[in-house]
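Me: Please take a close look at a single part of this model. I would like one connected answer, with cut-offs given.

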Amino acid sequence: METLAIPKRSKRQRVFRFIDRYRMEAGLLLSALVQLAILFFWFTPNFDSNSLDDLIEEVAFIDNVQITEPTNESKPTDGDFDLTDKEKEEKKEDPRIAGASDPIVSGATSPVDLSPNTRPEYTSEAKSLGITGTMTLEVVISDTGEVLRVRSVGKTLGGGLELEAITTYKRKRFSPSILEGKPITVKVLVPIRFTLN
């Protein structure tokens, strides 16, 4: 009895033979892999977010947080200092600030700037350094239209521009936001662009 010797095939030949036999399955597998790769790269988030719009969206939806001071009236220990009565008065915020909300989120009308010609000026330090850019102020406007608080949020420019913008916006007057026929206290984000001519 004679045995037949079957020639050994190389890996390449085996792969081609497999593809010939299972042509449809191999095509579907390849198609599925390509589609998965496309979906993976299509839905991978872009982590480069330096735009002001992203910042405004993030800041606008932060919930209100009320910070309370400790209730114990103990004497200061070593390293602490006691605040004067005047400093304590300055430190207390208007209670309306804690309840301020974004007018867009609450469905109220936006406050209108009644002093549009009052704008922050360039400081001499910022001019000499050639500082330009956009900064964002968070302005809390009361139900009477007065500015309760102004603070800089996000990117800082330096050169005294933040202090100048905050001081300018503290002097402004606004028409109050209206919700269901009643004026309310709101918190708005105001982008301010500084450009040198």
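The part I have in mind is helix 2: how many of its 20 residues are buried?

Reply: I start with the helix, then place it in the chain.

This is a predicted model, in which local features need pLDDT of at least 70, side-chain atom pairs count only at pLDDT 80 or more, and totals for chains, interfaces and linings use all residues. Residues are numbered from 1 along each chain as its sequence is written, and side-chain values use heavy atoms, with hydrogens and water left out.

Of the 20 residues of helix 2, the number buried is zero, so the helix lies largely in the open. Buried means under 20% relative accessible area, exposed over 50%, and partly exposed in between (1.4 Å probe, protein chains only). Helices (H or I, at least four residues) and strands (E, at least two) are DSSP runs, numbered from the N terminus.

Helix 2 reaches 28 Å from its first C-alpha to its last. That is close to the 28 Å expected at 1.5 Å a residue; the expected span is 1.5 Å times one less than the number of residues.

Valine 34 sits in helix 2 (residues 23–42). Its relative accessible area is 43%, so valine 34 is partly exposed. Val34 also helps make a nonpolar surface patch of about 1,000 Å². The other members are Leu29, Leu30, Leu33, Leu36, Ile38, Leu39, Trp42 and Phe43. Patch residues have over 30% relative accessible area and no salt bridge; nonpolar side chains (Val, Leu, Ile, Met, Phe, Trp, Tyr) are joined within 5 Å, like charges within 9 Å. A salt bridge puts a side-chain nitrogen of Lys or Arg within 4 Å of a carboxyl oxygen of Asp or Glu.

Now the chain around it. The protein chain has eight helices and seven strands. Of its 197 residues, 24% count as buried. Its accessible surface is about 15,700 Å², and 56% of that belongs to carbon and sulfur atoms. Areas come from the Shrake-Rupley method with a 1.4 Å probe; for residues, only the protein chains shown count as cover.

Serine 142 offers a buried case, at 0% relative accessibility. Serine 142 lies in the loop between strand 2 (133–141) and strand 3 (147–153).

Last, confidence. The chain averages a pLDDT of 76, and 73% of the residues score at least 70. pLDDT is the predictor's confidence in each residue, from 0 to 100. Among the elements, helix 3 (residues 52–60) has the lowest mean, 52, and helix 8 (residues 161–171) the highest, 88. Where pLDDT is low, the predicted coordinates should not be read in detail.
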